[in-house]
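User: Please walk me through this structure with questions and careful answers.

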Amino acid sequence: MIAFAAVCDAVAATPATLLKIERLAGYLRSLGRDDLNAASRFLGGDPLGASDARRLAIGGRTLLNAAHRVWAFDDESLSTAYRATGDLGEALARLFREPAAPALFAETLTPASLAAILDEIASVGGAAAGKKRAYACERILRACHTERETAYAVKILTGDLRIGLREGFVLAAIAAAFGRDAAAVRRAAMAAGDIGAVVLAAREGTLERIELRFGSPIGFMLASPMAFESSYRELDGATWIADDKYDGIRAQAHKRGTEVRLFSRTFSDIGRTFPEIVSALARQAADFILDGEIVARRDGRSLPFRYLQPRLQRNDPSAGMQDEIPAAFVAFDAIALGREFLVDRTLAERRSLLAAQLAPGGAFELAPAFALEANATPELVRELFAAARERGNEGLMLKRADAPYVPGRRGKWWLKLKRELSTLDCVVVAVESGHGKRANVLSDYTFAVRASAERDELLTIGKAYTGLTDAEIATMTEWFLEHRIGGGRRTFAVEPAIVVEIAFDIIQKSSLHPSGYALRFPRIVRLRPDKRVDEIDTLDDVERIYREMLEREGVER
Ligand code: AMP
C-alpha cells in the first residue's frame, strides 16, 4: 500500500486533471490482476465494489479504539491532530509510531491483501461482527509501516480518500492505462456497478461483454436550481420537457422477471417499506431500470413529503398504514428497458419508450410530460408551475429533450424550479449539549457545506439548535456519541456523515466561519438520510443564493 499512498499523494498535489489521469494510469498499468482490482475499487471509493450490497460499517469509534491499542496516544493529541487536519486518516497518520521492537512476522499490506481483510469484515454478521471488526482494524493498522500508508488505509476504511478524485477521473485513467475508448469504459462502469470488474475487462479487452447488472443501483442524475420568477433565459434555444417536481423520495426501480428492487438515493434497498409499489411494478410485462419519485397520494393529488415520513420508519407496513398513507412510484425516466441500456438515448426517446412499453396502474404511475418548444415564454413556465402546484407538487423540473441520462451528475441538462428561498443541505461536523431540559442530549449542531463539487473539503457555515423531534434528537445523540472524533465534554467534532436541511432568513458575509458566510436565524428543517455527504450544497450554491438575494433586494428597493 506504500505505492498506492504515494500515487494518491501525487494526485492530490496535482491540480491538472490530465496529469492526475496520467499518474493514475501509470500506476494501474504496473499492477497485477488482484491488486489492480482492489486498488481501482479503493480509488473509486467503493472498497467492496459498488454493486456489493454488504457494507463495511466501521464506525470512527471502532477505528479510534483500535488505533489506541496500536499506538497508545492521549485524547488531547488526537483532538489536536484532528483539528489540524479535519480528516480521520490524516489525524491518525500523525499519531502513527514505528514499533519499538520490530515484530518477527510483521504483516505487509498490498491492495489485494487489504481487500481480502475488508471482505472478511463485511462477511461476518451477528454477535461476532463487532469483535471481528475491531480485531480487523487493529490488524490493518499494525500492518501499516509508514505514516502515509496509515493515512490511506484509514481513508479507505472510512470510505473517503479526499484527494479530489471523482469516479470520472478513475475511469479516464483506466481507459488511458489500457488504451480503451473512454466512453466504452464509462458505459461498462454504469452497467457493471463495480469498477473492479471494469478495470479487469479493460485490461483484457472485453469491455463490450460486460452485461447490465440488474439489482446494482446506478447513480442518480441530478438537477441544478433555476431562479424563480426570473426571465428563464436558460431555456432559450432548446426544446425542453417539463415534469412536475414531486415532493417525495427519489427512487430507482429495478425489475427482472418477478423480482423487483427499489433503491433510495443512498442506494439502500427500500422495497420492504413500499410493498404496494413493489407489487404494482412486478405486474409489468417488461423488465426495466426506472428513475422516479415515491410520493404520498390522495384522491389523485400529491401530499407533502411529511406525510411519507411515518412510512419511512416502517418495514412491512400494515394494510391499515398503506390505506392511510397510500404511496405511489411516479416514473419519469428509463435507464434500461428489456436488455437495452438507454443512457445514451435522448430524454425524448426514453420518455416515448417508457410510455410505449409500460402500463401504469395501481401504485405505479408515469409522470405526465409537457413539451416546451424552443424559446418558451416566462408566462408559459409560470402557467406550468401553477398547474404543478395545483396538483399538490412542489414546483417544476425542466429537462432538455435531447439530454442523455448522466448518472451521478448535477448539470444544466435538468433544472429545478421551486418557490422558497432555497434551503441548504449541510453536513453536521460538531455537536454540543443543550440547556435546560436538553442538557443531557446533543441538540446543538454545527454544520458545513462542501468547498466545491471537485473539492470535498468541508467549510463550516453555521450552528443551530435542532428543530427535530425529541425522539430524533435522542437517536441522533446516540449516533453522535458513537461517531465522535474529538475531545471535549460538552462540544466535540463528529464524523461528517449526517446531512441536514437548513432554512434561514438571510445569508451574510462573515469572517466567523471558514466558509466566509453566515446564516441569520438558521433552523434545521429535517434530517436528509436520503442524501449522501458528497451531494450536499457547495460554497458555489451559497454564493449563488447570496447573489440572488442581493438582486432581489435591489429590485425591491
Ligand atoms: P431538491 O431536493 O430540492 O434539491 O430537488 C432535487 C430532487 O427533486 C431530486 O433528487 C428528486 O428527488 C426530486 N424530483 C422531484 N420530481 C422530480 C422529477 N420530475 N425529475 C427529477 N427529480 C425530481
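Analyst: A salt bridge is a side-chain nitrogen of Lys or Arg within 4 Å of a carboxyl oxygen of Asp or Glu. This is a predicted model, in which local features need pLDDT of at least 70 and side-chain atom pairs count only at pLDDT 80 or more, while totals for chains, interfaces and linings use all residues. Residues are numbered from 1 along each chain as its sequence is written, and side-chain values use heavy atoms, with hydrogens and water left out.

User: How many salt bridges does the structure hold?

Analyst: Counting each pair that meets that definition, the structure holds a total of 36 salt bridges.

User: How many residues apart in sequence are the parts that the pair R41 and D194 ties together?

Analyst: The side chains of R41 and D194 form a salt bridge, with 2.8 Å from N to O. R41 belongs to helix 3 (residues 33-44), whereas D194 sits in the loop between helix 11 (182-192) and helix 12 (195-204), so the parts that this pair ties together are separated in sequence by 153 residues. Helices here are DSSP runs of H or I with at least four residues, and strands are runs of E with at least two, numbered from the N terminus.

User: Which strands each supply at least two residues of the shell around the ligand?

Analyst: A residue is near the ligand if one of its heavy atoms lies within 4 Å of it, and of the 15 residues around the ligand, R265, E293, K399, K416 and K418 come nearest. The strands that each supply at least two residues of this shell are strand 2 (240-245), strand 11 (395-400) and strand 12 (410-418).

User: Which residue has a side-chain N or O atom 2.6 Å from an oxygen atom of the ligand?

Analyst: A polar contact with the ligand is a pair of N or O atoms within 3.5 Å. A polar side-chain atom of D243 lies 3.3 Å from a ligand nitrogen atom, and the side chain of K531 has an N or O atom 3.5 Å from a ligand oxygen atom. The residue at 2.6 Å from an oxygen atom of the ligand is E293.

Terms used. Polar contact = N/O pair within 3.5 Å; in protein donor to acceptor, adjacent residues only side chain to side chain.
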